[in-house]
Each structure stands twice: as structure tokens, then as C-alpha cells.
Amino acid sequence: MAFFPDVPKISYEGPESKNPLAFRHYNPEEVVEGKTMREHLRFAVCYWHTFRGMGGDPFGPGCAIRPWEDGTDSLDMALKRVDVAFEFMEKLGVPYYCWHDRDIAPEGANLAETNKNLDIVARRLKEQQQRTGIKLLWGTANLFSHRRFVHGASTSCNADVFAYAAAQVKKALEVTQELGGENYVFWGGREGYVTWLNTDMKRELDHFAKFLHMAVEYKKKIGFTGTFLIEPKPHEPTSHQYDFDCANALAFLRGYGLEKEFRFNVETNHATLAKHTMVHELMYASIHGMLGSIDANRGDLLLGWDTDQFPTDLYLTTQIMLIVLNQNGLGRGGLNFDAKVRRESFEPVDLFHAHIGGMDAFAHGLKIAAAIRKDGLLADFIRQRYASWDSGIGAQIENGHVTFEDLEAYILQKGDAAPNVSGRQEMLENIFNRYFR
Ligand code: XUL
Ligand code: CO
């Protein structure tokens with residue numbers, strides 16, 4: 001059965017191609033810095049936006065044309081949707097996908113029935129994974145859509161909801177393991193609060209940490225070898241999400257002795273909602289050895305919410321790939337398109353255009369980042385800028401034990417600090433621009 005009859009297998013045609021259904025830069029076999037593009041980029045399609053999103057917004061319902069959908073959330077529809085998803089991903093040539101448990105299978109009348117639904121759909125997913133070779137980058141649990149999670153999941157005031165969430169994550173972890181998932185993601189959903197008037201913050205944070213400790217314990221018990229990833233986000237849906245950004249989440253993990261068990265899944269639109277750039281968040285995670293995976297998307301500078309648009313900005317993708325190359329890759333992580341087509345782009349083929357554009361932007365960015373690294377000009381500049389720390393008093397401060405008294409004596413003897421040198425921001429921006437031809 002062909003759900004996308006008019007779309008051929010997408011292939012690489014090179015930068016000169018004018019075919020909108022072809023890659024101009026993503027050539028999976030092309031080797032960059034000793035690794036193929038497929039290995040560097042590890043693209044994933046997300047199930048929620050791509051196969052469950054219908055384009056609804058606060059002002060109107062979904063209006064996407066998805067001829068295969070029957071308007072229900074039945075088990076039969078869920079199974080059919082698996083076939084749609086794998087036809088799409090096969091045609092796109094993407095090596096990974098990601099899901100929330102409730103994206104792939106419907107809730108039943110109770111948890112036992114819901115788990116049974118999940119097992120049935122997981123069986124079909126496994127068959128399709130085996131048929132196509134497409135793998136699961138990560139699984140996660142949706143602990144935010146159902147009304148039982150109105151006050152949060154592990155941070156809910158209702159202890160039964162904590163228990164329900166634990167049972168749900170236990171099952172989602174098992175299914176992720178069964179499908180060979182390489183990571184498991186914890187995005188805070190409704191873990192946060194809206195008003196202090198009804199919130200015991202200390203208790204909620206303690207519960208959140210307890211929940212994560214239990215997840216780690218269960219992970220070890222069942223021998224799940226994937227990486228646990230926390231996905232920070234500052235606001236939305238709550239006013240104060242508990243995993244605000246990478247720095248905040250790292251402090252939380254360290255405070256509760258969890259930092260060795262987790263890494264971060266950093267998302268562009270979450271970084272910008274936190275009034276950071278994606279570069280800032282990635283660098284912060286990377287220098288702490290915490291950058292595990294990326295949710296690749298972008299926001300809209302004019303809108304203050306999570307628009308989850310497909311990334312097409314070469315400046316952005318180049319910067320991201322520079323950081324990824326600088327830390328020698330994402331390991332078991334990847335680039336997951338946590339992105340949705342605009343409501344106005346309502347035809348099935350738009351799903352292809354969106355992913356092709358995102359994949360090409362990252363492949364192009366990867367090539368530019370490799371060229372920047374090869375030249376080494378920008379890295380040299382930074383090295384040079386800190387040269388005063390490589391010898392003399394700088395090296396003594398960094399490596400030895402130097403006191404305030406020593407430093408006072410040093411400066412008293414010198415009379416004043418050595419003069420500063422220009423930061424050369426404009427020159428550096430011009431150099432950066434040279435690589436975009
Ligand atoms: C929400 C978000 C989620 C996570 C997975 O903003 O990014 O889709 O990626 O729960
Ligand atoms: Co995300």
C-alpha cells in the first residue's frame with residue numbers, strides 16, 4: 001500500500017539540483033572528517049508532529065490532509081499509522097525515529113489495557129524496524145496530555161499520579177528496550193508550577209528527583225544500556241518548568257546525585273525560549289560532558305512560544321555542527337526533528353519538503369563546520385586570546401596555588417596589568433561569513 005504514491009525515494013542529486021524532492025547536500029555516504037554524513041548526523045523523524053500533528057492551533061482545529069487517517073485514535077488506526085510512518089521514513093532515507101508512548105498507541109480503559117495496546121503496536125514497529133533497518137533513537141512517555149497530569153506527573157500534588165507516572169515510564173522503558181532504543185528522554189511536560197500560592201516547591205523538586213532515581217534503578221535492573229536524557233525547557237506549559245535550561249538542570253542533577261546518570265537532549269526552540277542561543281546551551285552542555293542529543297528545530301523570533309519550526313538557517317546548523325564536531329560527535333545521540341510543518345502547509349508532500357530542507361541544512365552546515373575546523377582560524381583566535389594563561393602568572397594561577405597576597409605582590413611590582421587587546425568581533429564575524437559561499 002502506498003500512502004505517498006506521488007513521492008519517489010528521495011536521493012542525493014548535488015548542489016546544482018533544482019528538484020525540490022531531492023537532497024542537494026545530504027549525501028549519506030559522503031565522508032566528512034573520516035565519517036559518513038549518515039554517521040555524523042544520525043537524523044530522526046519524530047512521531048508526534050509528523051504522524052500525529054494535524055495542524056491545530058488555539059484558533060482552529062487541525063486542517064492537515066492525511067488521507068490515511070480515519071479520524072479515530074483506534075488500535076487499527078495506530079497499526080496502519082505505523083505502516084505510513086515507515087513508508088515515509090524509508091522514502092526519506094532517515095536512519096532513526098522517536099516517539100512518546102501515546103503517539104504510537106491509544107490509551108485503553110485502564111493501564112493494563114493501555115499497556116496491551118502499546119505491546120501490540122510495538123510488535124508492528126519491531127517488524128517494520130527489522131524490514132527497513134530504521135532504528136529507534138529514543139522513546140519517551142507522554143506524562144502531560146491526559147487530564148490526570150493536570151498538576152504534573154512526578155511533581156503532582158496527587159501521590160497516585162506519581163505512581164501512575166512511574167508505572168507508565170516503567171512500561172515505556174521496557175518498550176524502548178524491546179525496540180533497541182539508543183536513548184530514553186525525560187522532558188518535563190508539566191513538571192513545574194504556575195502559581196506559588198498552591199505550590200510546595202521543595203516537595204515537588206524532591207519528588208522529581210526521587211522519580212528519576214527510581215527510573216535509574218529500574219534501568220539498571222532491566223539492563224537497559226541506552227542513555228537517559230533530560231530535555232530542558234524554561235516555560236510552557238507551566239510558567240516555571242523545573243528543567244529551565246542546561247545550567248539549571250545540571251545544578252538540579254548534581255544537587256540530587258543524579259549527574260552521572262543523565263545527559264541532555266538540547267532543543268533549539270527551548271534554548272531560545274530561555275533567552276539563550278542554541279550555541280550557548282550546546283556549549284554549556286558540551287563543556288560539562290553532558291551533550292547527549294539534539295532536538296533540531298527553531299523558533300520564530302517574533303513569537304514568544306514553542307513554534308517547533310523546521311531548521312533551515314545555515315548559520316544555526318553550522319554552529320550546531322561545529323560544537324558537535326568539536327566534541328567528536330553525539331555518540332548514541334542524534335538530530336531529532338522535533339519540528340512540525342506550518343498549519344498552512346497541509347498536504348502530505350509538505351512533510352517531505354520540511355524534512356529534506358532540515359536534513360540538507362544540517363548536511364550543508366556539517367560541510368561548512370568541517371571547513372572552519374580545517375582552517376582553524378577561529379579556534380586559533382580563541383586560543384591566542386587566552387595566551388596570557390599559558391605561561392607566567394596565568395599558568396601559575398591555573399596550575400599552582402597562588403594567593404591574593406602573591407597576586408598583590410605581582411601587580412605591585414609590575415605597576416599595572418598588561419594592556420588589553422581588541423576582541424575583534426566584527427573581524428571574526430567577517431571570517432565566519434567567508435565560509436558561506
Ligand atoms: C516539548 C518537547 C517534547 C519532547 C519530548 O516542547 O520538545 O516533544 O521533545 O517529550
Ligand atoms: Co523536544
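What radius of gyration does the protein have, and what would a compact globule with 437 residues have? The protein has 24 Å. A compact globule of 437 residues would come near 22 Å, so the two agree. The model is predicted. Its fold holds 16 helices and 12 strands.

**Overall build**
- Along the principal axes, the C-alpha atoms fill a box of roughly 80 × 60 × 45 Å.
- Buried residues make up 49% of the 437 in the protein.
- Among contacts with a separation of 6 or more, 76% join residues 24 or more positions apart.

**Nonpolar cores**
- The largest nonpolar core counts 110 residues.
- Helix H12, residues 348–375, gives the most to this core, with 12 residues.
- A second, separate core has nine residues, including Cys 98, Leu 137, Trp 138 and Val 185.
- Within the largest core, the residues with the most contacts are Leu 41, Met 89, Leu 92, Tyr 97, Leu 125, Phe 264 and Ile 294.
- Phe 264 has contacts beyond its neighbours within four places in sequence. Among them are Leu 229, Ile 230, Pro 232, Cys 246, Ala 249, Leu 250 and Leu 253. Ala 285, Met 290, Leu 291, Gly 292 and Ser 293 are also in contact with Phe 264.

**Cavity**
- One cavity of 30 Å³ or more is present.
- The largest cavity has a volume of about 40 Å³.
- Its lining consists of Pro 232, Cys 246, Val 266, Glu 267, His 270, Ala 271 and Glu 281.
- Pro 232 and Cys 246 line this cavity, and both are also in contact with Phe 264.
- Strand E10 (262–267) and helix H9 (268–273) each supply at least two of the lining residues.
- By class, the cavity lining has four nonpolar, one polar and two charged residues.

**Second largest pocket**
- This pocket holds about 960 Å³ of space.
- Its lining has 24 residues. Those nearest the centre are Val 279, Met 283, Leu 322, Leu 378 and Ile 382.
- Five helices give two or more residues each to the lining: H10 (278–287), H11 (314–326), H12, H13 (377–385) and H16 (425–434).
- Helix H12 thus appears in two places: it contributes to the lining of this pocket, and it gives 12 residues to the largest nonpolar core.
- By class, the pocket lining has 14 nonpolar, seven polar and three charged residues.

Key
Residues are numbered from 1 along each chain as its sequence is written. Chains are lettered from A and ligands numbered from 1 in the order in which they are written. This is a predicted model: local features need pLDDT of at least 70, side-chain atom pairs count only at pLDDT 80 or more; totals for chains, interfaces and linings use all residues. Side-chain values use heavy atoms; hydrogens and water are left out. On a 1 Å grid over the protein atoms alone, a cavity is a set of points where a 1.4 Å probe fits but cannot get out, and a pocket is an open set with protein on both sides within 12 Å along at least five of seven lines; lining residues have an atom within 4 Å of a point. Grid points are joined across faces, edges and corners, and a volume is the space filled by probe spheres set on the points. Helices (H or I, at least four residues) and strands (E, at least two) are DSSP runs, numbered from the N terminus. Ala, Val, Leu, Ile, Met, Phe, Trp, Tyr, Cys and Pro count as nonpolar, Asp, Glu, Lys and Arg as charged, and the others, Gly among them, as polar. A nonpolar core is a set of buried Ala, Val, Leu, Ile, Met, Phe, Trp, Tyr and Cys residues joined through side-chain atoms within 4.5 Å. Buried means under 20% relative accessible area, exposed over 50%, partly exposed in between (1.4 Å probe, protein chains only). Contact means heavy atoms within 4.5 Å. The radius of gyration is taken over C-alpha atoms; the globule rule is 2.2 Å times the number of residues to the power 0.38.
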